[in-house]
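Please look over the sequence and the model shown below before reading on. The report that comes after them is meant for someone meeting this structure for the first time.

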Amino acid sequence: MSGTWLTTRAWLLMLPLLVVMISVIGWPLVDTVGLSFTDAKLVGTEGSFVGIDNYVKMLSGSNFQRTLVTTAWFAIVSVAAEMVIGVLAALLLNQQFRGRTALRALMILPWALPTVVNATLWRLIYNPEYGALNAALTQLGLLDAYRSWLGEPGTALAALIVADCWKNFPLVALIALAALQAVPRDITAASLVDGAGPLARFRFVILPYLAGPLMVALVLRTIEAFKVFDIIWVMTRGGPANSTRTLSILVYQEAFSFQRAGSGASLALIVTLLVTLLAAGYAALVRKTAGSAA
């Protein structure tokens, strides 16, 4: 069988998938690009051509710049915390102890919960009138009076980061735990015989096996955190005083709340470009890491 026929057959087999992708991704993307060069409203007139005015207005606006800083801070802090907590949880669950299987199953629960459910639970925990966090801190003597954790600009973003970490650290833990299963027991035993301490064993024996999988987890979580919407929208809707507004929420407000479809489309494409560049950078880093490991 000739190579040309094999190639043709492969494309024929992929044709249904290509048609679906073009229909649900390609055409909306092209339509969004065209819309971004107009001053169209969400309802009413189609709008007139304005060139790159929407992009200039979005990129030079203070709202975009403040929101970009908030998004970057949320992504960096939450992902860093999730990586550390996830690795520590994986190291714990890799040990032999009674009830380990049940604890592994419980650890998956936060990640398995729908984001809306997770956000609603944390809203109840942070409630300024009957929230569990206020009650616990007050009874421990760490807080004099109940606080509105989601209603104060100084604490709202930190509260959201905690909720996001609780939701997503199990994913990092599962990836790290799977990688730990590949660490040869004889190498670990040899390091113990050589007198290596816990930190030395982790750095020189365990970490090389975790590096690749953790890089994958880092890529996935950074991209997801950078375009986060649902958990913040349910808990704060970007408030108070826009202190928790991320880029995805800014896109929603511009396109739907303010009904400026043209500028909303341009902002959506800017966010898409930023995420694409971020993913490409991580992909290059993954390839470099894999190449050096080989």
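The following sections take up the annotated span, two helix contacts, one buried residue, a loop and the helix after it, and the aromatic rings.

## The model and its annotated span

The structure discussed here is a predicted model, and the descriptions below should be read with that in mind. In an unreviewed entry, UniProt lists residues 68-279 as "domain: ABC transmembrane type-1". In the model, this span of residues 68-279 is 75% helix and 0% strand, and the C-alpha atoms at its two ends lie 17 Å apart.

## Two helix contacts

Two packed helices are described by the angle between their axes and the distance between the axes. Helix α2, made of residues 53-60, and helix α3, made of residues 62-93, have axes that come within 4 Å and cross at roughly 55 degrees. That crossing angle makes α2 oblique to α3, because an angle that is neither under 35 degrees, nor over 145, nor from 65 to 115 counts as oblique. The contact brings M58, L59 and S60 of α2 against S62, F64 and Q65 of α3, and its residues divide into 3 nonpolar, 3 polar and no charged.

Helix α8, residues 185-193, packs with helix α9, residues 198-226, at an angle of about 170 degrees, and their axes are 10 Å apart. This angle makes α8 roughly antiparallel to α9, since the term is used for angles over 145 degrees. From α8, the residues I187, T188, S191 and L192 meet R201, V205 and Y209 in α9. The residues of this contact divide into 4 nonpolar, 2 polar and 1 charged.

## A buried residue in α3

Is T67, a residue of helix α3, buried or exposed? T67 has a relative accessible area of 2% and is therefore buried, as the cut-off for that term is under 20%. Leaving aside residues up to four places away in sequence, T67 touches R245, T246, L247 and L250. Two of these partners, L247 and L250, are among the buried residues of helix α11, which is described further below.

## The loop between α10 and α11

The loop that joins α10, residues 230-235, to α11 is where P240 has its place, and the peptide bond leading from G239 to P240 is cis, with omega near -5 degrees. R237 is found in the loop between α10 and α11 as well. The phi of R237 is near 55 degrees, which is a positive value in a residue other than glycine. R237 counts as exposed because its relative accessibility is 52%, and the term applies over 50%.

## Helix α11 and the residue after it

How many of the residues of helix α11 are buried? Helix α11 runs over residues 247-257 and is mostly covered, with 8 of its 11 residues buried. The buried residues are L247, S248, I249, L250, V251, Q253, E254 and A255.

Just after α11, Q259 takes a positive phi of about 60 degrees, again in a residue other than glycine. Q259 is found in the loop between α11 and α12, the latter being residues 261-293. With a relative accessibility of 35%, Q259 counts as partly exposed, whereas R237 in the preceding loop counts as exposed.

## Aromatic rings

A pair of aromatic rings is described by the distance of the centres and the angle of the planes. A search of the whole structure finds 8 aromatic pairs. In one of them, the rings of W122 and Y126 have centres 5.4 Å apart and planes at 40 degrees, so the pair is tilted. Both residues are buried, W122 at 12% relative accessibility and Y126 at 5%.

In another pair, the rings of F229 and W233 have centres 5.6 Å apart and planes at 15 degrees, so this pair is stacked. F229 is partly exposed, with a relative accessible area of 27%, while W233 is buried, with a relative accessible area of 17%. These two residues also belong to a wider group, as F229, W233, Y252 and F256 form one aromatic cluster.

Methods. Residues are numbered from 1 along each chain as its sequence is written. This is a predicted model: local features need pLDDT of at least 70, side-chain atom pairs count only at pLDDT 80 or more; totals for chains, interfaces and linings use all residues. Side-chain values use heavy atoms; hydrogens and water are left out. Buried means under 20% relative accessible area, exposed over 50%, partly exposed in between (1.4 Å probe, protein chains only). UniProt positions are given in the numbering used here, feature names are shortened, and annotations may be inferred rather than shown by experiment. Axes are lines fitted to C-alpha atoms, for helices over the stretch in contact, and angles run from 0 to 180 degrees between N-to-C directions. Contact means heavy atoms within 4.5 Å. Ala, Val, Leu, Ile, Met, Phe, Trp, Tyr, Cys and Pro count as nonpolar, Asp, Glu, Lys and Arg as charged, and the others, Gly among them, as polar. Rings of Phe, Tyr and Trp (its six-membered ring) pair if their centres lie within 6.5 Å; planes under 30 degrees apart count as stacked, over 60 as edge-to-face and the rest as tilted.
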